[in-house]
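Let's take a walk through this model, starting from one backbone angle and working outwards. Have the structure open as you read.

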Amino acid sequence: MPPIELGPTRPVSAVDVRIARQATGQREHGESVGETSSAVTLSDAIDPGKAPINAERVDAIRKAIEKGQYPLIPVKIADAVIAAGILLRSGK
């Protein structure tokens, strides 16, 4: 197997913005070097829409937690976190 040559090492430091801009094709003042039109087309089919959040319920829970009246049961919280992870992996 041939040896892998890595070249000279450089010290770790901050990224030089000018080099990053040259790599992405941007000029100093933000304008693009190439064309400005994008080839990406967004679809409404994958738009999740607005999150279903009940603001009144969230405020009530926050106030109950601040007063120490909301029952926090670690076992139930852990079960919900595990169930959410399983649902995310299964795709349902």
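Start at Gly-68, which sits just after α2 and takes a positive phi of about 80°. Helices here are DSSP runs of H or I with at least four residues, and strands are E runs of at least two, numbered from the N terminus. This is a predicted model, where local features need pLDDT of at least 70, side-chain atom pairs count only at pLDDT 80 or more, and totals for chains, interfaces and linings use all residues. Residues are numbered from 1 along each chain as its sequence is written, and side-chain values use heavy atoms, with hydrogens and water left out.

Now step back into α2 itself. The expected span of a helix is 1.5 Å times one less than its number of residues, so the 13 residues of α2 should cover 18 Å, and its end C-alpha atoms are indeed 18 Å apart. As for pLDDT, the predictor's confidence in each residue from 0 to 100, helix α2 (residues 55-67) has the highest mean, 93, while helix α1 (residues 17-24) has the lowest, 61. The protein averages 76, with 68% of the residues scoring at least 70.

Zooming out, there are three helices and zero strands, giving the pattern α-α-α along the sequence.

How many of the 92 residues count as buried? Just 1% of them do, where buried means under 20% relative accessible area, exposed over 50%, and partly exposed in between (1.4 Å probe, protein chains only). Ile-65, which lies in helix α2, counts as partly exposed because its relative accessibility is 44%.
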